[in-house]
Amino acid sequence: MSMTGTPLVTLSTNHRSRVSNRSSLLAGVDGRSALARRYRDLVAALAAEMGGTLGEAEVLQVRAAASMTLHVEELTARIIRGEPVDSEEMTRAGNGAMRALSALRRKTARKAAAPSVADYLQAKRALEVAA
């Protein structure tokens, strides 16, 4: 990995997977099913809450949170339909989803709390003028 922040290899969008280009939901998944549409909606909503352009790590976090939330919704639907659901599986899925969502909220809060460069420079100039 390069220490300067520049990529080692620059690939055009023609040499990357459809998932990496974000033109496909997941590899080998037909995005027309109800679950796929719900997953896509969750990813879009969580990404919008994070705001701005998301890096690859943030996209992976959003997708993980969306998939865990979708799993909890599916288990809840099975319970409501009267189907048997392992309580341990439900507990683990719920806890995992909550941890993933909490991590996204913390990251969003850090983004919101950090001052912009313009705000920082303005505050610095105000301190210099006051001194």
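Beyond its neighbours within four places in sequence, E58 is in contact with M50, T53, K107 and K111. E58 sits in helix α2. E58 counts as buried because its relative accessible area is 12%, under the 20% cut-off. The model is predicted.

Helix α2 covers residues 56-80 and has the highest mean pLDDT among the elements of the chain, at 96. The lowest mean, 83, belongs to helix α4, residues 117-130. Across the chain, pLDDT averages 84. A score of at least 70 is reached by 79% of the residues.

Helix α4 also holds L121. L121 is partly exposed, with a relative accessible area of 37%. On the surface, L121 joins V117 and Y120 in a nonpolar patch. Together the three residues offer about 310 Å² of accessible area.

The two residues described above set side by side:

| Residue | Relative accessible area | State |
|---|---|---|
| E58 | 12% | buried |
| L121 | 37% | partly exposed |

Now the whole chain. What pattern does the chain follow along the sequence? It reads α-α-α-α. There are four helices and zero strands. The chain has 131 residues, and 21% of them count as buried. About 9,600 Å² is exposed by the chain. Carbon and sulfur atoms supply 60% of that area.

Contacts add to the picture. Take those in the chain with a separation of 6 or more: 52% of them link residues 24 or more positions apart.

Key: Residues numbered from 1 in each chain as written. Predicted model: local features only at pLDDT ≥ 70, side-chain atom pairs only at ≥ 80, totals over all residues. Heavy atoms only, no water. pLDDT = per-residue confidence, 0-100. Helix = DSSP H or I, 4+ residues; strand = E, 2+ residues; numbered from the N terminus. Patch = residues over 30% accessible without salt bridge, like charges linked within 9 Å, V, L, I, M, F, W, Y side chains within 5 Å. Areas by Shrake-Rupley, 256 points an atom, 1.4 Å probe, with all protein chains shown as cover. Salt bridge = Lys/Arg side-chain N within 4 Å of Asp/Glu carboxyl O. Buried < 20%, exposed > 50% of the residue type's maximum accessible area, 1.4 Å probe, protein only. Contact = heavy atoms within 4.5 Å.
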